[in-house]
Amino acid sequence: MKVLQINTICGSGSVGRITVDIVHALEAAGDEGMIAFGRREAPEGVKTYKFGTNLDMGIHVLHTFFKGEHGFASSRQTGRLIEKIKEYDPDIIHLHNIHGFYLDTEELFWYLKQAGKPVVWTLHDCWSFTGHCAHFDYIGCMKWKTGCGECPQYKSVYPYALFKDNSERNYRRKKRSFTGVPRLTIVTPSCWLAGYVRESYLGEYPVQVIPNGIDLGKFHPTENGLRKRLGFEKKYILLGVASMWEERKGYAYFEQLAERLDASYQIVLIGLSKQKMKKLHPKIHGVMRTNSMEELAEYYTMADAYVNTTLEDTFPTTNLEALACGTPVITFATGGSVESVDSSCGKIVKKGDIEELIQAVSELRAEPDKKEACLLKAAQYDKNDRFQDYLKLYRKLLEE
C-alpha cells in the first residue's frame with residue numbers, strides 16, 4: 001500500500017519525526033510512504049514533497065495577523081499539493097497538523113470529499129474543532145461546543161490573530177469543511193483529547209486512540225557521572241523539561257518549589273531561553289538546551305523525579321522519556337498528562353496546587369525505588385509498537 005502523509009514540517013519536532021518513523025515502518029513492512037510538507041527542510045533518505053515557500057508562509061502569517069483567518073490562505077500551494085496527490089495516487093491519505101501557515105484547509109477538504117480515498121487524521125491538539133486556538137484548557141473555555149466568538153485568547157495564543165477576532169466565522173468555516181468526508185478516521189494520542197473530539201462537530205467520525213511512542217533505544221537508564229560533574233551527589237534532584245518555558249508550562253511552580261524546599265533538593269530545568277537564564281532563581285540549575293536525545297537521557301537518569309507542571313497539554317512525551325530512563329513522574333492532572341502515570345511510577349497532583357505538589361515530592365522521596373515500575377510502564381510506549389498500530393489501521397481501512 002502507498003500512504004501519503006501531510007504535515008507542517010518533516011523530520012524535526014515531535015510530529016515531524018513521527019511522520020518519518022511511520023514511513024520507515026511502512027518500508028520495513030514492504031509498503032511505501034511519502035511525506036508532503038510545507039515548511040523547513042526534510043532529512044535525506046525519505047520520499048518527500050515540499051510544496052510550500054517562505055514567501056507564501058509570510059503572506060499566510062500576515063493573513064492570520066490582520067484578518068484572523070488562519071488556515072484559509074495558501075491557495076496556490078495547496079493546489080500544487082492536490083496535483084501531487086493525484087499524481088502519487090496513494091491508497092491512504094494521512095493528515096497530521098494542517099495548521100501552521102501553509103495550507104488552505106477549505107480547498108484541501110473540498111478535494112478530500114471528492115477523492116473517495118480513506119483519510120486518517122491524527123490530531124495533536126484542539127485546533128481542528130475551535131474557531132481559533134490550538135488549546136483552550138488553560139482558561140477553561142468551552143465555547144467550541146456550540147460555536148466560538150469573542151475569543152478570549154485570539155491575540156495571546158497561537159495562531160495569534162493580532163488585529164482581528166474572526167473566531168466565530170472561522171468556526172463555521174471549519175465545521176463546514178471538516179465534516180462530511182466520506183471515509184475519514186480520527187486518531188488522537190490521548191483519551192482526554194478523544195473525549196473532546198467526540199463532543200465536537202468531529203464526533204461524526206470514528207475516533208481511535210494511538211498514544212505517541214518514544215525510542216527506547218535512545219531513552220533508557222544512562223549512567224555517566226553527570227550528577228558528580230554537576231556537584232549534586234548528595235541532592236534529591238527534581239527535573240523539568242520544556243521546549244519553551246512559559247506560563248502555561250508551569251515555570252512559576254518551579255520558582256515556588258525553589259523558595260520552599262530545603263537545601264537537600266536541587267531543581268534542574270532544561271529548555272530555558274536566554275532571558276530566563278539571566279533571571280534564573282539562584283536555587284535552580286538551568287540548561288538552555290541539550291545537544292542530543294542521548295544527553296537528555298543522561299539528565300532524566302540523573303534526576304530522582306521528573307516534575308511536569310504543565311497547565312495545558314495533549315499527551316506530553318517528556319513523561320514517557322523520563323519513565324524510560326527509570327525516573328518516576330509527578331504531574332499536574334492536566335489534559336492527557338495523567339494517562340502515562342499511575343501510583344506505581346509517580347504521583348498525580350491537582351492542577352495548580354502547590355501545596356499538594358510539595359507533598360507529592362516529599363512522599364515520593366520517602367517511597368522505595370520505582371525504577372523497575374517506571375521501565376515497565378515505559379515499555380507500553382515503544383514507538384515501534386505504536387507505528388504498527390497505524391499500519392494495522394491503514395490495512396483495516398483498505399479492507400473495508
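Let's start inside the protein: 14 residues line the largest cavity, and Cys133, Cys141, Lys143, Cys148 and Cys151 are the ones nearest its centre. Keep in mind that this is a predicted model. From that cavity, this briefing moves on to the other enclosed spaces, then to a pocket, three helix pairs and two backbone details.

**Cavities**

- The structure contains 5 cavities of 30 Å³ or more.
- In the largest cavity there is about 90 Å³ of space.
- Sorted by class, the lining of the largest cavity has 7 nonpolar residues, 6 polar ones and 1 charged one.
- The second largest cavity holds about 50 Å³ of space.
- Two stretches of sequence are worth selecting in your viewer here: His96, Asn97, Ile98 and His99 are among the residues lining the second largest cavity, and its lining also includes Trp121, Thr122, Leu123, His124, Asp125, Trp127 and Ser128.
- The lining of the second largest cavity is made up of 4 nonpolar, 6 polar and 1 charged residues.

**The second largest pocket**

- About 360 Å³ of space is found in the second largest pocket.
- Its lining consists of 23 residues, and those nearest the centre of the pocket are Thr301, Met302, Ala303, Asp304 and Gly326.
- Three helices each give at least two residues to the lining of this pocket: α7 (226–230), α10 (293–302) and α12 (354–366).
- Helix α10 provides the largest share of that lining, with 3 residues.
- By class, the pocket lining splits into 9 charged, 8 nonpolar and 6 polar residues.

**Helix α11 with helix α13**

- Helix α11 (residues 317–324) and helix α13 (residues 371–378) have axes that come within 7 Å of each other and cross at roughly 130 degrees.
- With that angle, α11 counts as oblique to α13.
- The two helices, α11 and α13, make a left-handed crossing.
- On the α11 side, the contact is made by Leu320, Leu323 and Ala324, while α13 contributes Cys374, Leu375, Lys377 and Ala378.
- The contact of α11 with α13 has 6 nonpolar residues, 1 charged residue and no polar ones.

**Helix α4 with helix α5**

- The axes of helix α4 (residues 105–115) and helix α5 (residues 167–178) come within 9 Å, crossing at roughly 20 degrees.
- That crossing angle makes α4 roughly parallel to α5.
- As for handedness, α4 and α5 cross in a left-handed way.
- From α4, the residues in this contact are Thr105, Glu106, Phe109 and Lys113, and they meet Arg173, Arg176, Ser177 and Phe178 of α5.
- Here the contact residues comprise 4 charged, 2 polar and 2 nonpolar.

**Helix α8 with helix α12**

- Helix α12, already met as a contributor to the lining of the second largest pocket, also packs against helix α8 (residues 251–260), at an angle of about 60 degrees and with the axes 11 Å apart.
- The pair α8 and α12 is therefore oblique.
- The crossing of α8 past α12 is right-handed.
- Tyr253, Gln256, Leu257 and Arg260 represent α8 in this contact, where they meet Ile354, Glu355, Leu357 and Ile358 of α12.
- Sorted by class, this contact has 5 nonpolar residues, 2 charged ones and 1 polar one.

**Backbone details**

- Most peptide bonds are trans, and most residues other than glycine have a negative phi.
- Against that background, take a look at the bond from Tyr158 to Pro159: this peptide bond is cis, with omega near 10 degrees.
- You will find Pro159 in the loop between β5 (119–122) and α5.
- Arg40 is not a glycine, yet it has a positive phi of about 65 degrees.
- The place to find Arg40 is the loop between β2 (32–37) and β3 (48–50).

Definitions and conventions:
Residues numbered from 1 in each chain as written. Predicted model: local features only at pLDDT ≥ 70, side-chain atom pairs only at ≥ 80, totals over all residues. Heavy atoms only, no water. Axes fitted to C-alpha atoms, helices over the stretch in contact; angles between N-to-C directions. Helix = DSSP H or I, 4+ residues; strand = E, 2+ residues; numbered from the N terminus. Parallel < 35°, antiparallel > 145°, perpendicular 65-115°, else oblique. Left-handed = near helix turned anticlockwise from the far one by under 90°. Contact = heavy atoms within 4.5 Å. Nonpolar A, V, L, I, M, F, W, Y, C, P; charged D, E, K, R; others polar. 1 Å grid on protein atoms, 1.4 Å probe; cavity = no way out; pocket = protein on both sides within 12 Å on 5 of 7 lines; lining within 4 Å. Points joined across faces, edges and corners; volume = space filled by probe spheres on them.
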